[in-house]
Amino acid sequence: MIPLIDLKANLRPLREEVREAVDRVLDSGHYVMGPDLAALEQEYAAWVGTPHAIGVNSGTSALHLALLAAGVGPGDEVITVPFTFVATVAAIRYTGATPVLVDVDPDTRTMDPALVEAAITTRTKALLPVHLHGHPADMDPLLEIARRHGLTVIEDAAQAHGARYRDRAAGSLGHFGCFSFYPGKNLGAAGEGGMVTCHDPAHAERIRLLRDWGQDRKYHHALLGFNYRLDTLQAAILRVKLRHLDGWNDLRRAHAARYNQLLEGVVTPTEAPWARHVYHMYAVRSERRDELQQWLASRGVGTGMHYPIAVHQQPPFADLAGDFPVSEALAREVLSLPMFPEMTEEQLQTVAEAVRAFQPSMVR
Ligand SMILES: *Cc1c(COP(=O)(O)O)cnc(C)c1O
């Protein structure tokens, strides 16, 4: 069986390094915040290329706090997409603001800049594009629209650690970048975690307060805050894994290039000329997607759907229903093939042969 992702294979060669990091934290007695978190924040900020990075307990919390630091609240509108993980839209709701959805571009599967201007009202406060599957959104036109209308740009980079847009890193393009360290992400903790990157020191300071009960000193609560701190154990493990991330992303890109070769004439490559895609997912499309999934499963190939239902088609977000034909078609048709750094040439060939053995005209 070839799995969609293989977390154990990823950790195996790092076992000794991780064990040392875990022992260091266990021996220190510093289980919340502490020196490993501060070090991870510095290393992550340097890696993304922003002056600030603030560790939090999930990608969802990263989005929530970036929105709050941007001043988003009840009565405001935030423009995002329906073809994403539910957390993107839920985080907007947590602030009391109203999500406003615009459809995605069929090629990049990310926010279609041509649709944004028509969705802007006097209440619009922010744009929240998602770098879905590890492919950056088309940021220059989005940043230009935001500049013209005085909007904050918050990147959902939960799937895009290391992705680049015209040589600028995902998470460094807008006012805020929001990352998730959920285990299956390109950089995954052994548990939950997240990070906000930003440029403005006042934004960074506000997020530091909000993640830790709004405390500026112990038991002095300047703001209504949250318990959104990143565990020190996770920070220590993430520091080890961050050192390997560039290599892993290079491997993902090499595997994707090999898939493109092996599936030439069947699958259309998705990487835009201005993008460095980091293939959190390698997702093909088929009008007979569910059959393709069963076909592959019967040949020992694991797959996933990211995502099978668009957000406005989910019950808690039914009030956001609108005209999103591209998102709905993608939700019906996308299928993620196995993709993880440790994949072998043999595994890539097995997957590609199994896809080719399905009616190739039904895959793109
Ligand atoms: C994973 C993910 C999130 C949420 O991150 P968590 O760490 O699971 O809270 C948000 N947005 C997108 C696009 C994601 O893939």
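Reader: Quick one on H3 and H8: is their crossing left-handed or right-handed?
Author: The crossing of H3 and H8 is left-handed (the near helix is turned anticlockwise from the far one by less than a right angle; clockwise would be right-handed). Helices here are DSSP runs of H or I with at least four residues, strands are E runs of at least two, and both are numbered from the N terminus.

Reader: What kind of model is this, and how are residues numbered?
Author: It's a predicted model, where local features need pLDDT of at least 70 and side-chain atom pairs count only at pLDDT 80 or more, while totals for chains, interfaces and linings use all residues. Residues are numbered from 1 along each chain as its sequence is written, and side-chain values use heavy atoms, with hydrogens and water left out.

Reader: Back to H3 and H8. At what angle do the axes cross?
Author: Roughly 30 degrees, with the axes of H3 (residues 34–48) and H8 (residues 232–262) coming within 8 Å. So H3 is roughly parallel to H8 (angles under 35 degrees count as roughly parallel, over 145 as roughly antiparallel, 65 to 115 as roughly perpendicular and the rest as oblique). The axes are lines fitted to C-alpha atoms, for helices over the stretch in contact, and angles run from 0 to 180 degrees between N-to-C directions.

Reader: Which residues make the contact?
Author: On H3, they include Leu37, Leu40, Tyr44 and Trp47, and on H8, Leu238, Arg239, Leu242 and Leu245 are among them. Contact means heavy atoms within 4.5 Å. The residues of that contact divide into 10 nonpolar, one polar and four charged (Ala, Val, Leu, Ile, Met, Phe, Trp, Tyr, Cys and Pro are nonpolar, Asp, Glu, Lys and Arg charged, and the others, Gly among them, polar).

Reader: What else does H3 lie across?
Author: H3 lies across E1, E8 (176–180) and E9 (194–198), at about 130 degrees to E1. H4 (residues 59–69) lies across E1, E2, E5, E8 and E9, running at about 165 degrees to E8.

Reader: How many strands are in the sheet with E1, and in what order?
Author: Seven, forming an open sheet ordered E1-E9-E8-E5-E4-E2-E3 with mixed pairing. Two strands pair if DSSP finds at least two bridges between them. E1 (52–56) and E3 (98–101) are the edge strands, each pairing on one side only. E2 (residues 77–80) and E3 pair in the parallel sense over four bridges, and Val78 has Pro99 as its bridge partner in E3.

Reader: Now E13. Which of its residues are buried?
Author: Tyr282 and Val284 on one side, Ala283 and Arg285 on the other, so both faces of E13 are covered. Buried means under 20% relative accessible area, exposed over 50% and partly exposed in between, with a 1.4 Å probe and protein chains only. As background, side chains in a regular strand alternate between the two faces of the sheet. E13 runs antiparallel to E14 (residues 334–337), joined by four bridges, and Ala283 has Ser336 as its partner in E14.

Reader: Any odd backbone spots? Where is the cis peptide bond?
Author: It joins His306 and Tyr307, with omega about 10 degrees, and Tyr307 lies in the loop between H9 and H10.

Reader: And what about phi of Arg166 and Tyr219?
Author: Arg166 has phi near 45 degrees, a positive value in a residue other than glycine. Arg166 lies in the loop between E6 and E7 and, at 47% relative accessibility, counts as partly exposed. Tyr219 has a positive phi near 70 degrees, lies in the loop between E10 and E11 and is exposed at 63% relative accessible area.
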